[in-house]
Amino acid sequence: MAIGFLVTASGFGLLAIAAGEAGLQSFVVGYCVFSLGLAPVFTLTTDVIVGSVPPTQAGAVAGLSEASSELGGAFGIAVPGSLTTALYRIGLGDALQVAALLCGTLALADTALTLFIRNRTSTRQTREDTP
């Protein structure tokens, strides 16, 4: 997952660079890169969520996971879009670049959080396995 978040952050970095150039090809490449980074993250997250419950509850949990993913996606579009619009209206011409950098920073924070949780979980499992 951490690698997926790093790829996502690099995609947002490409979008920030593309915002300065305003070339369509740069935007398309940036969007493709961050989408490729998020695809394995979503897949692994769903697998962890559904795999952590008994099989009798898997359907309900899968539905809840999908609904929360859709809600998160809606907020993920609405919040940066509103931020970009607000920055553009107050005269910050580089609003798209600022929004892309903000999203990239959030992806890097997700990477750090993922690595922290993974290390904490592996440390806990090591302690439980030791007699």
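## A buried residue in helix α1

Ala9 counts as buried because its relative accessibility is 12%, and the cut-off for a buried residue is under 20%. This value, like the others in this report, belongs to a predicted model. Ala9 lies in helix α1, and its surroundings bring together parts of the chain that are distant in sequence. Not counting residues up to four places away in sequence, Ala9 touches Gly104, Ala107 and Leu108. A further relation links Ala9 with Gly30: these residues are 21 positions apart along the chain, and their C-alpha atoms are separated by 9.9 Å.

## The overall fold

The protein has four helices and zero strands, so a reader who follows the sequence from its beginning meets the pattern α-α-α-α. Of the 131 residues in the protein, 23% are buried. The protein exposes about 8900 Å², and carbon and sulfur atoms supply 69% of that area.

How much of the contact within the protein joins residues 24 or more positions apart? Among the contacts with a separation of 6 or more, such pairs account for 54%.

## Helices α2 and α3

Helix α2 covers residues 24–51, which is 28 residues, and at 1.5 Å a residue these should span 40 Å; the C-alpha atoms at its ends are indeed 40 Å apart, so the expected and the computed values agree. Helix α3 can be examined in the same manner, for it has 32 residues and reaches 46 Å from its first C-alpha to its last, close to the 46 Å expected at 1.5 Å a residue.

Which residues of α2 are buried? They are Phe27, Gly30, Phe34, Gly37 and Val41. It helps to read this list with a general rule in mind: an α-helix has 3.6 residues a turn, so residues three or four places apart point the same way. Not every residue of α2 is buried, however, and Val28, which lies in this helix, counts as partly exposed because its relative accessibility is 44%. Val28 and Leu14 are 14 residues apart in sequence, and their C-alpha atoms are 9.6 Å apart in space.

In α3, the buried residues are Ala58, Val61, Ser65, Pro80, Thr84 and Leu87. Ser65 deserves a separate look, since at 9% relative accessibility it counts as buried. Leaving aside its neighbours within four places in sequence, Ser65 is in contact with Thr46 and Ile49.

## Helix α4 and its partners in α1

Leu108 lies in helix α4, and is it buried, exposed or partly exposed? With a relative accessible area of 46%, Leu108 is partly exposed, because that value falls between the 20% and 50% cut-offs. When neighbours within four places in sequence are left aside, Leu108 is in contact with Leu6 and Ala9, so the buried alanine described at the start of this report appears again here. Leu108 and Phe5 are 103 residues apart in sequence, yet their C-alpha atoms are 6.6 Å apart in space.

## The largest pocket

Rolling a probe the size of a water molecule over the atoms shows where empty space is left. In this model, about 1200 Å³ of space lies in the largest pocket. The pocket is lined by 39 residues, and the closest of them to its centre are Phe12, Leu38, Phe42, Gly72 and Gly76. The elements that give two or more residues to this lining are α1 (2–21), α2, α3 (58–89) and α4 (95–129).

Which helix gives the largest share of the lining? That share, 15 residues, comes from α3. Sorted by chemical character, the residues of the lining divide into 24 nonpolar, 12 polar and three charged.

Conventions: Residues are numbered from 1 along each chain as its sequence is written. This is a predicted model: local features need pLDDT of at least 70, side-chain atom pairs count only at pLDDT 80 or more; totals for chains, interfaces and linings use all residues. Side-chain values use heavy atoms; hydrogens and water are left out. The expected span of a helix is 1.5 Å times one less than its number of residues. Buried means under 20% relative accessible area, exposed over 50%, partly exposed in between (1.4 Å probe, protein chains only). On a 1 Å grid over the protein atoms alone, a cavity is a set of points where a 1.4 Å probe fits but cannot get out, and a pocket is an open set with protein on both sides within 12 Å along at least five of seven lines; lining residues have an atom within 4 Å of a point. Grid points are joined across faces, edges and corners, and a volume is the space filled by probe spheres set on the points. Ala, Val, Leu, Ile, Met, Phe, Trp, Tyr, Cys and Pro count as nonpolar, Asp, Glu, Lys and Arg as charged, and the others, Gly among them, as polar. Contact means heavy atoms within 4.5 Å. Accessible areas come from the Shrake-Rupley method with a 1.4 Å probe; for residues, only the protein chains shown count as cover.
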